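Me: Hi! I'm new to this one and would love a friendly walk through it. Can I just fire questions at you as they come up?
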Protein chains: 2
Amino acid sequence: MREIRIEPMTSEAFRPFGDVIEAAGTATKLINGGRCERFSDLARLDFDGEGRAGISVFRSEAVTLPHLLDLLERHPDGGQAFLPLSADPFLVIVAPDDGGRPGLPRAFLTVPGQGVNYHRGVWHGVLTPLVQASLFAVVDRIGPGANLEEFRLAGPYLIVAG
Amino acid sequence: MREIRIEPMTSEAFRPFGDVIEAAGTATKLINGGRCERFSDLARLDFDGEGRAGISVFRSEAVTLPHLLDLLERHPDGGQAFLPLSADPFLVIVAPDDGGRPGLPRAFLTVPGQGVNYHRGVWHGVLTPLVQASLFAVVDRIGPGANLEEFRLAGPYLIVAG
């Protein structure tokens with residue numbers, strides 16, 4: 001089976017797929033009398049005209065490595081941001097589009113304090129915490145329609161430690 | 001000095017001030033082949049016409065108990081949601097409005113997995129993690145204007161363990 005090695009999550013590597021939501025570089029401004037740094041507006045939120053942004057919570061079972069990847073999905077009507085409500089790293093799987101189907105997947109491992117925002121229409125794996133069953137706040141489109149396209153891979157991949 | 005005892009954070013107690021963002025009760029739906037519970041649309045996001053929702057990250061120093069409360073603030077043009085990027089509990093201070101100024105404050109302590117959404121115009125304290133300096137994802141209004149009203153309390157309060 002084809003193997004995909006996990007890469008460290010960086011905003012540069014992830015740029016073709018979305019945004020890394022993290023306190024990186026210089027703060028946009030200092031607030032609260034200098035006690036708090038604000039890093040502003042880190043994710044491109046992009047929803048169709050019938051949808052609006054909402055905040056939900058997902059509670060997902062964990063996966064273990066090596067992880068069999070046989071399904072990818074995308075949201076044609078709006079992107080999706082995942083904000084872990086814990087400091088546990090999690091696995092992020094994405095793929096470029098190749099003529100309407102997923103191309104070669106890539107897998108990234110976050111560090112504590114990182115969230116991700118999948119841009120609208122980007123192929124990605126389902127939520128895959130690694131350490132334990134985990135809670136995530138999710139900012140995505142609330143609106144009519146399923147906003148979901150799934151693609152089952154004829155030849156699955158094995159996601160392995162980098 | 002007047003003391004305020006910290007209460008447990010519950011959606012019922014917090015209702016006059018905003019939303020508790022958590023996986024509580026029955027999931028809205030099961031996704032990812034039953035591996036993930038989705039609790040949908042848990043926060044009222046309310047921004048004026050010139051603003052839009054954005055995701056930012058705040059990194060705040062911690063406070064210790066007893067905590068001296070001498071400043072409250074509110075955002076007239078849009079609410080503000082705080083989603084901890086760790087499992088550390090944090091302190092949430094709010095106050096009802098009393099003729100344009102804060103009434104008697106209340107203080108709540110979250111449990112792991114809880115975020116909060118301050119409704120537009122609700123008086124609240126600045127970010128107060130208790131355990132250590134902490135990261136929070138923040139969903140709030142991105143737009144023109146300061147969207148900030150501060151009120152320095154003539155008679156401060158001491159926030160003490162419940």
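Me: Let me start small. How many residues sit between strand 3 and strand 4 of chain A in their hairpin?
Reply: There are 4 residues between the two strands of that hairpin. One thing to keep in mind as we go is that this is a predicted model. In the turn, A:Asn32 has a positive phi of about 55°.

Me: And in what sense do those two strands pair?
Reply: Strand 3 (residues 29-31) and strand 4 of chain A pair in the antiparallel sense, over 3 bridges. As an example, A:Leu30 has A:Glu37 in strand 4 as its bridge partner.

Me: Which strand of chain B does strand 4 of chain A pair with?
Reply: That would be strand 5 of chain B. Strand 4 (residues 36-39) of chain A runs antiparallel to strand 5 of chain B, with 4 bridges. A:Glu37 turns up here too, with B:Arg59 as its bridge partner.

Me: OK, then let's talk about the interface. How many residues does each chain bring to the contact?
Reply: Chain B brings 44 residues and chain A brings 44 residues. About 3,700 Å² is buried between the two chains, and carbon and sulfur atoms give 54% of that area. On the chain B side, B:Arg35, B:Ile55 and B:Arg59 lose the most area to chain A, together 21% of what that side buries.

Me: What about charges, how many salt bridges cross over?
Reply: There are 8 salt bridges across the interface of chain B and chain A. One of them joins the side chains of B:Glu61 and A:Arg35, at 3.5 Å from N to O. Between the chains there are also 20 residue pairs in polar contact, with both residues at pLDDT 80 or more.

Me: Which element of chain B gives the most to the side touching chain A?
Reply: Strand 5 of chain B does, with 9 residues. The residues of that side of chain B divide into 25 nonpolar, 9 polar and 10 charged.

Me: Switching topic: how many salt bridges are there over all chains?
Reply: The whole structure has 23. Among them is the one between A:Arg106 and A:Glu7, whose closest N and O atoms are 2.9 Å apart. A:Arg106 lies in strand 11 of chain A and A:Glu7 in strand 1 (residues 2-8), so this pair ties together parts that are 99 residues apart in sequence.

Me: And how many aromatic pairs?
Reply: There are 16 over all chains. One of these is A:Phe14 with A:Phe108, an edge-to-face pair at 5.7 Å centre to centre, with 90° between the planes. Because A:Phe14 is in helix 1 (residues 11-14) and A:Phe108 in strand 11 (residues 106-109) of chain A, the pair ties together parts that are 94 residues apart in sequence.

Me: Last topic, backbone oddities. Is the peptide bond between A:Leu65 and A:Pro66 cis or trans?
Reply: It's cis, with omega about -5°. Most peptide bonds are trans. A:Pro66 lies in the loop between strand 5 (52-60) and strand 6 (67-74) of chain A.

Me: What about B:Leu65 to B:Pro66 in chain B, cis or trans?
Reply: That bond is cis as well, with omega near -5°. B:Pro66 lies in the loop between strand 5 and strand 6 (67-74) of chain B.

Me: And is the phi of A:Asn147 positive or negative?
Reply: Positive, at about 50°, although A:Asn147 is not a glycine. You'll find A:Asn147 in the loop between strand 15 (134-142) and strand 16 (149-160) of chain A.

Methods. Residues numbered from 1 in each chain as written. Chains lettered and ligands numbered in written order. Predicted model: local features only at pLDDT ≥ 70, side-chain atom pairs only at ≥ 80, totals over all residues. Heavy atoms only, no water. Contact = heavy atoms within 4.5 Å. Buried area = accessible area lost by both parts, 1.4 Å probe. Salt bridge = Lys/Arg side-chain N within 4 Å of Asp/Glu carboxyl O. Polar contact = N/O pair within 3.5 Å; in protein donor to acceptor, adjacent residues only side chain to side chain. Nonpolar A, V, L, I, M, F, W, Y, C, P; charged D, E, K, R; others polar. Pairing = 2+ DSSP bridges. Phe/Tyr/Trp six-rings, centres within 6.5 Å; stacked < 30°, edge-to-face > 60°.
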